[in-house]
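Here are my notes for a first look at this entry. Please read them with the structure open.

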Amino acid sequence: MADYQSQEFLFQRIKELLPLHVSLVDTVANIIHVSSDSAYRRIRGETPLVLDEARELCTHFKLSLDQILNVQGGATMFQNVRINTKNYNYEKYLTGLIKHVEYAASFIQKEIIYLTKDMAVFHNFYYRPLTAFRYFFWMKSIIQDPGFVDKEFEFSILSEDAEKLSRELVMAYNKVPSVEICNTECINSTISQIEFYKDSGLFTSSKDIRTVYESLEETILHLKNEVEYGAKFMPGENPESKKSNFLFFYNRIILGDNTVMVVTDRVKTAFINYDVLDYMSTQDESFCNPCYDDLHKMMKKSTLISQTGEKQRNIFFGILLNKIKERKKHL
Amino acid sequence: MDINEIQQQLFQIIKNKTLPEASMPDEVAKLLNISSDSAYRRMRCEKQITFEELYVLASHFKISLDQLMNISTNGILFQGNYVNEKTYSFDQYLTGMLQTMAYFSSFKNKEIYYSCKDMPLFNHFLVREIAAFKWFFWLKTYLKFPTFAKRKFKFSDYPDNLFQLDQQVLGLYNQLASREIWNIESMSIVLRQIEFYRDADVFESDEDALKLYEALEKTWDHLEKQAALGYKFKIGDPEQKPLGEYKMYFNEVLLGDNSILVITDNMKMAFMTHTTFNFMMTRDVAFTENMYNHMQTQMKRSTLISDVSEKERSRFFRIIRERIHKRKEALEV
């Protein structure tokens, strides 16, 4: 790296983190206590940054210099988002996801690539009964919220806030072009969770179980509709008015791991999902580039069923719908 | 720590990393493209170094800037490698795994937790046919190595040195106490992969698929015996001499993600799978503690089917065995 290139990298990274309406110059001037002119000279690389200033900026934005400048080779720094800590609740988690998606949407070129193990998280939120069940399951069994210990499932458990945020998340996702690589195991977890709660007596009536299954069925039919149009939209919206921004691949050979890659004008960001809801992200090129290549290899091995491949599409969704039908028979 | 102290510490670290016969001021001067006098002034903290200069020195001497400047990022550092044809071959992948297992073995107390999305990696090495198939599948279909593009699958293609490495890894794994959290779908993908190759004509004939299903049955029988006994033993050992403890949990709710947690005398290490095949490792305390708690919760939600719970164990193994059997029946052999 020659001249002030590392300084340029640092400011570029800070710029990426700032919302579009916030001025980089004013923010930097404010943090390192210099005039706007002086901040501008540093951003343009006319005045070198001193260590104190670099430290102030990194501490403020929680940036790793090792990661930005790739000082230590062979290691990748991830930022971690964990839901089950005391000061981080489900609503904040959803808000965080919305921010990620809206941030991606703010770029001219953007794409989300999703290698799914389960159905992509966004598709849980089209219909209220399924949204409520997912919320209840996550709160009770994954986050283990103390308020849910003795609770049985009822649809009213879904707060207005959580429902609103869930819908906002899908609507934000619908605006960003995306690729999903999915296989027919993707709804198994949801089904086994419904069955587990059924067997554990956590539903108050079999009518509720049926409603959740019907909601899952509607979700799959809606997803099928989206895949057919190659566009994303909410139930009730006119697909004809939507941009074609959805590629869907039927993958028969591996079950993904809910890896999400967000590609924007300048950078690739990989999100690795773990412990069901938690995730961590990195923009380290040495990690993201091979990961991106792997995802493209997966696409090549899979069958494109959005807008094309009607027969394969019918087979794929037929398998999913049959799984639900089988379970409904036993109610 | 003020900036002068940081600068002092930086040059102290550099001093420790400079060979005794080399002149530190000369080396710094050369790297920063300044005179020796200017280098001295920086080393004595009479002149502050710039951010660019810091970067040049830190990257040359491999010094962590986050540690030096005490920057807290909330980040987690992972290390790992990616299998590819040029720089990290499958042999190296296995050798790396062997070294990691040998490292675990060097501790007095060690235990490995495995959250299974698929059958744990080590179990693929139990029977040579399965090891050969997975190797071929990974390189041809998953990593798309050009040299495999037009090849058909042959059991005899699996190199002996790789199977020897497999056996060494397995030998060390067998010594460790392990807890595996399984789901009824954890065998689905290997079955799907065999089907895929059958449909795509990658096998010479259905005989190969049959051989693989039989090898899977053999693997499955062995795992069931291990689960019944509550310990691991070498496959085919008539005496079933006990090796590491084996705890198998049947989780009906969640399908795992192939993450692995290793607990040794004084630390925890987490291995995360990404893009299906590659692993990365961290020792980050908060991260590994969280994974530990998550695994504990999943175990509580599951049924322990090793050593105890014969009825549930039989049901679990029977369901999978029937799935293999059904596929075998469909073959034209």
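1. Start where a strand from each chain meets. This is a predicted model. In it, strand β1 (residues 75-81) of chain A pairs with β1(B). The sense is antiparallel, and the pairing runs over five bridges. To find the register, look at A75(A): it stands opposite Q79(B) in β1(B).

2. Next, the wider contact between the chains. On the chain B side, 54 residues are in contact with chain A, where 55 residues take part. Which elements of chain B give two or more residues to that side? Helices and strands both do: α1 (3-17), α4 (51-61), α5 (65-68), β1 (75-80), α7 (128-142), α9 (188-199), β6 (268-274) and α11 (285-301). By class, this side of chain B has 25 nonpolar, 19 polar and 10 charged residues.

3. Now take chain B by itself. Its secondary structure comes to 12 helices and eight strands. Is chain B compact or spread out? It is more spread out than a compact globule, because its radius of gyration is 26 Å, well over the 20 Å that the globule rule gives for 333 residues. The C-alpha trace spans about 85 × 45 × 35 Å along the principal axes.

4. Burial and contacts in chain B deserve a line each. Of its 333 residues, 36% count as buried. Take the contacts in chain B between residues at least 6 apart in sequence: 71% of them join residues at least 24 apart.

5. For chain A, consider the domains. The assignment gives domain 1 (5-69) and domain 2 (79-329). Taken over C-alpha atoms, the centres of these two domains of chain A are separated by 36 Å.

6. Then the nonpolar cores. The largest has 140 residues. Those with the most contacts inside it are F133(A), L169(A), M261(A) and V169(B), so named residues of both chains appear in this core. Helix α7 (residues 128-142) of chain A gives the largest share, nine residues. What does F133(A) touch, leaving aside its neighbours within four places in sequence? F133(A) is in contact with F153(A), I194(A) and V212(A).

7. Do not overlook the second core. It is separate from the largest one and has 30 residues. Among them are I43(A), L10(B), L54(B) and M69(B).

Methods. Residues are numbered from 1 along each chain as its sequence is written. Chains are lettered from A and ligands numbered from 1 in the order in which they are written. This is a predicted model: local features need pLDDT of at least 70, side-chain atom pairs count only at pLDDT 80 or more; totals for chains, interfaces and linings use all residues. Helices (H or I, at least four residues) and strands (E, at least two) are DSSP runs, numbered from the N terminus. The radius of gyration is taken over C-alpha atoms; the globule rule is 2.2 Å times the number of residues to the power 0.38. A residue is buried if 20 or more other C-beta atoms lie within 10 Å of its own, exposed if 12 or fewer, and partly exposed in between; C-beta atoms are placed from the backbone. Two residues are in contact if their C-beta atoms, placed from the backbone, lie within 7 Å. Domain bounds come from an automatic or database domain assignment. Ala, Val, Leu, Ile, Met, Phe, Trp, Tyr, Cys and Pro count as nonpolar, Asp, Glu, Lys and Arg as charged, and the others, Gly among them, as polar. Two strands pair if DSSP finds at least two bridges between them. A nonpolar core is a set of buried Ala, Val, Leu, Ile, Met, Phe, Trp, Tyr and Cys residues joined through C-beta atoms within 7 Å.
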